[in-house]
Amino acid sequence: MLMASVAMGAWHGAAFAATASQAPLKLTLTSDQSASVPKAAPAAPPVDALSPTMFGWRPWLNAHGIDMMLDETDEFATTISSYRNPTTNTGQYSWWTNIDWDKLAGIPGFSTHTIIVGRYGNDSSHKIGDAVSSSQEIYGSGGNVFAHLVEAYGEESLFDNRVDLVLGIEPMLWDFAGAYLQCSNFMNDALCGNPTIGYENGPYSVFPDWSYAARIQISPTPTTYIKTGLFYTQQNIYQINHGFRSGFMFDAAQVKRPTIPVELGWTPAFGAEALPGHYKAGVIFDENVHPDDYYDINGNAWAQTGLPPREVKSAPSEYIMVDQMFVRNGPGPFSGLIGFASYWHDAANWFTVGLVDHGFWSARPDDGAAIGFVYAIMPPGVRKTEQLQQKLGLPITGDAYGLPFNGNAVTGVQSTWPMLELQYQIHVTRGVTVSPDFQYYFRPNAQSNLPPAAFVGFRTHITLF
């Protein structure tokens, strides 16, 4: 049995052929959900929860096609090397609902899925001047509200689950480019879920923020799939002064141009022990307009001329993501030694690599350990702009994406951002996992003039039912 967050993702099951800070959030999902199995809700497996039977109601609800889950994730971190020594805590409670309408009302292949969350707290890395990636991935987005709608969509599976259709609202980067294995085992935003650079792009919605969505997935064979869709995101969903335009805020007048992702996947199982692997590659076509990070409207450096940046349209992103089990420790799909790696490119380049091991200790088969390394190369235009601003004695205008973050000034030229994370998952009791965590920022905010920073902390995940 894996950590509680993995069990939670497995419960949500084929309900996501794709993400999550991103999660329940991404962090509660597993890479098994990237398989070609469509998202129609199957019979719910046993839940690793304080009350697996939902106080006696789950068997009756499941018999009628209804399943629900309530959980809470908390992430604490403090620096042990920074002169500022920030200590913060952030968290999320979430309510998940899946309804199989075949069981409930006799509608073959149809299901509906909803998630509502509430978030609180702050993270530590921003307080030492880093805007590249949060030390606690569950921090941010969602707005300061009691209940934030993450997704609500209908799903239809056809032709013996070979074709799967989704219509409604959902986070795009939870259905595409999801890194579920990593999110179940890491706390930093750079490893948990999608590459951070991906969802800093405004049209790319990620947990817990959504887009209007229409998606189709086709599985030519049991181990392969291709999927694509249309995603329309509202303006300013990640700007707090605009109220995080998602959740229960529906406004067609604020919708951006479409974003069109395409993903190919292969989910083999090798050898007599059926060692599972997940291999996927994708491209995201973005029809929205973005300001250039170096050139102005006349093709000169806007940092020097003061003119508005020129507009850039149709900026695609590409990604490759893999994970493969090498050694099996038990019967579960993730009970073993698994390696993972990914590459994401848009304006920047983002590399991740690491190992996850569950079930290696026979005395504690539900525990797990993980190590992950990230190396990000900042966009060349951002570096050139910052170098020019520094040369001219001007304030440096932005973070790794050329944008100011919470009023924190960038104090040096940004180049590369390496980060190391180690985590151990302790399965305390049914439904409760505590995960001590260590992170090391070699170059906070990708700046050589900021000293390295080490963080220690832990994640607590509790599933009530």
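A residue is termed buried when its relative accessible area is under 20%. In the predicted model described here, this term applies to both W350 and W417, two residues that recur in the aromatic pairing and in the nonpolar core.

Aromatic contacts were considered across the whole structure, and the search returned 22 aromatic pairs. In the pair of W350 and W417, the ring centres are 5.9 Å apart and the planes meet at 15°; the pair is therefore classed as stacked, the limit for that class being an angle under 30 degrees. Distant parts of the chain are linked by this pair, since W350 belongs to strand β15 (residues 349-358) and W417 to strand β17 (residues 416-429), with the two positions 67 residues apart in numbering. W350 and W417 also belong to one aromatic cluster together with Y441 and F455.

The nonpolar interior was examined next. The largest nonpolar core comprises 36 residues, and those with the most contacts inside it are L173, W344, W350 and W417. Two or more residues of this core come from each of the elements α4 (172-175), β10 (275-286), β13 (317-328), β14 (336-345), β15, β16 (368-377), β17 and β19 (453-463). A second core, separate from the largest one, consists of eight residues, among them W96, I115, W174 and Y180.

Charged groups were also found over aromatic faces. The charged end of K227 is placed over the ring of F176, at 4.9 Å from the ring centre. K384 lies over the face of Y294, where the distance to the ring centre is 4.2 Å.

Side chains of opposite charge can pair when their charged atoms come close. Nine salt bridges are present in the structure. R58 and D67 form one of these, with 2.9 Å between the closest N and O atoms, and both residues are buried. D292 and R310 form another, in which the closest N and O atoms are 3.2 Å apart. This second pair connects distant parts of the chain, with D292 in strand β11 (residues 289-296) and R310 in strand β12 (residues 309-313), 18 residues apart. D292 has a relative accessible area of 12% and therefore counts as buried, whereas R310, at 35%, is partly exposed.

A salt bridge also joins the side chains of R364 and D367, with an N to O distance of 2.5 Å. Of these two residues, R364 is partly exposed, its relative accessible area being 28%, while D367 is buried at 2%. In addition, salt bridges link D164, D175, R215, K227 and E263 into a network. K227 thus takes part in this network and is also the residue whose charged end sits over the ring of F176.

A disulfide is a covalent bond between the sulfur atoms of two cysteines. The structure contains one disulfide, formed by C183 and C192, whose sulfur atoms are 1.7 Å apart. The link is right-handed, with 60° about the S-S bond. C183 has a relative accessibility of 0% and so counts as buried; C192 is likewise buried, with a relative accessible area of 0%.

Terms used: Residues numbered from 1 in each chain as written. Predicted model: local features only at pLDDT ≥ 70, side-chain atom pairs only at ≥ 80, totals over all residues. Heavy atoms only, no water. Phe/Tyr/Trp six-rings, centres within 6.5 Å; stacked < 30°, edge-to-face > 60°. Helix = DSSP H or I, 4+ residues; strand = E, 2+ residues; numbered from the N terminus. Buried < 20%, exposed > 50% of the residue type's maximum accessible area, 1.4 Å probe, protein only. Lys NZ or Arg CZ within 6 Å of the ring centre and 35° of its normal. Disulfide = S-S within 2.5 Å. Core = buried A, V, L, I, M, F, W, Y, C linked by side-chain atoms within 4.5 Å. Salt bridge = Lys/Arg side-chain N within 4 Å of Asp/Glu carboxyl O.
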